[in-house]
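Me: I'm new to this structure, and I'd love a close look at one thing: what surrounds what inside it. Could you walk me through the linings, piece by piece?

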Amino acid sequence: MKSKRILTGDRPTGPLHLGHYFGTLENRLRLQDKGYECFIIIADYQVLTDRLETGTIGKNILELTKDYLSIGLEPSKCTFFVQSKIPELAELTLIFSMLVSVARVSRNPTVKDEIRSMKIEDTFSLGMFSYPVSQAADILLFNPSLVPVGEDQLPHVELTREIARKFNALYGKVFRIPEPLLGRSPRLKGLDGQEKMSKSRNNAIFLSDKPNIVRAKILKAKTDMGREIRYDPINKPEISNLLNLFHLLTKKPIDQLENEYKGKGYEEFKQSLAEAIVSFLHPIQERKLCLSDDDAINVLKDGTNKASKEAAQMMKRVVKAMKTDYGF
Ligand code: TRP
């Protein structure tokens, strides 16, 4: 087994945005280029945690795969696969669910937030409650050393580490204890000033947004009182968020940007920011135009084949360690 391996992934709920890019996608690109073997799970079952209609999942999987390819993730270095095509994940989830208490799973701030925002009181499903256990299986079945994620996923990685330690202590060392890895910007705020950029909050810039959409969104983005372009997250949280975004896109240090825009107003700053986003997205969108559904399907078939082989091998080790290979 290669020691430099990462596993991470996404729910196929819709198009990727800049929050994803700077939260985790950028890290995947960096690690793929540093020789890490990358496993990318498209977590279709996890979509069912908060919505049961399945009609758009297939299309979303293809779009997500094209987004991955268009930002520069390469099938020769990354194994892209679909969660529901790997039955060992369900098997391992069942085993892991015996290794954690209900009380422990209840103490997950991300799940609590998600449940709160669903506004369905205590009628959330068991699957919603326990998906971090299934996510622990997503991770550990592929035995990665690193899990590049956004900040909201840290509680899940912590639970994963606990489950791995518990399993290893009970049955012998099978799993590595994976480390989480945060991106340059663990949490990019939304254009409306909300804590997180997200599709459901309608405050995101998608990788697929055309120049005019980008310009309109940035023009409307929330700003603070005054007209000074200054990085001051306490007193000027919105301008600071936009400065941070500008910095992430151009890699220019924030104080250099402050200097460049000294004495200039929000409008001029926003226009330049919009153009920086447009040129950042342009090559990604050009590459995506060249990708067909069949390209995505082929990449997924290969990836799922490879992931299946890995899964079968790892599951054999699990069964052997647990002594459930009874011989009949
Ligand atoms: N929960 C992740 C998200 O919502 C998606 C995901 C599923 C994942 N399985 C994973 C992320 C395993 C990292 C590792 O974005």
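**A walk along the linings**

Reply: Happy to! H12 makes the largest contribution to the lining of the largest cavity, giving three residues. Please keep in mind that this is a predicted model, in which local features need pLDDT of at least 70 and side-chain atom pairs pLDDT 80 or more, while totals for chains, interfaces and linings use all residues. Residues are numbered from 1 along each chain as its sequence is written, and side-chain values use heavy atoms, without hydrogens or water.

Let's stay with that cavity (on a 1 Å grid over the protein atoms alone, points where a 1.4 Å probe fits but cannot get out; lining residues have an atom within 4 Å of a point). The structure has one cavity of 30 Å³ or more. The space in the largest cavity comes to about 30 Å³ (the volume filled by probe spheres on points joined across faces, edges and corners). Around it you will find Asp67, Ser70, Leu207, Ser208, Ile284, Gln285 and Lys288. Two or more of the lining residues come from each of helix H3 (57-71) and helix H12 (266-289); helices are DSSP runs of H or I, at least four residues, and strands are E runs of at least two, numbered from the N terminus. By class, this lining has two nonpolar, three polar and two charged residues (Ala, Val, Leu, Ile, Met, Phe, Trp, Tyr, Cys and Pro are nonpolar, Asp, Glu, Lys and Arg charged, the others, including Gly, polar).

Now on to a pocket (an open set of points with protein on both sides within 12 Å along at least five of seven lines). The second largest pocket holds about 490 Å³. Its lining counts 24 residues, with Thr93, Gly127, Ser130, Tyr131 and Ser134 closest to the centre. Helix H2 (44-47), helix H4 (87-96), helix H5 (102-106) and H7 each add two or more residues to this pocket's lining, and H7 has the largest share, with eight. The lining of the second largest pocket has 14 nonpolar and ten polar residues, but no charged ones.

Helix H7 (126-140) turns up again around the ligand, where H7 and strand S1 (5-10) each supply at least two residues of the shell. In total, 13 residues surround the ligand (a heavy atom within 4 Å of it). The closest are Arg11, Gln46, Gln135, Asp138 and Gln153. S1 gives the most to this shell, four residues. Unlike the pocket lining, which has no charged residues, the ligand's shell has three charged residues, next to five nonpolar and five polar.
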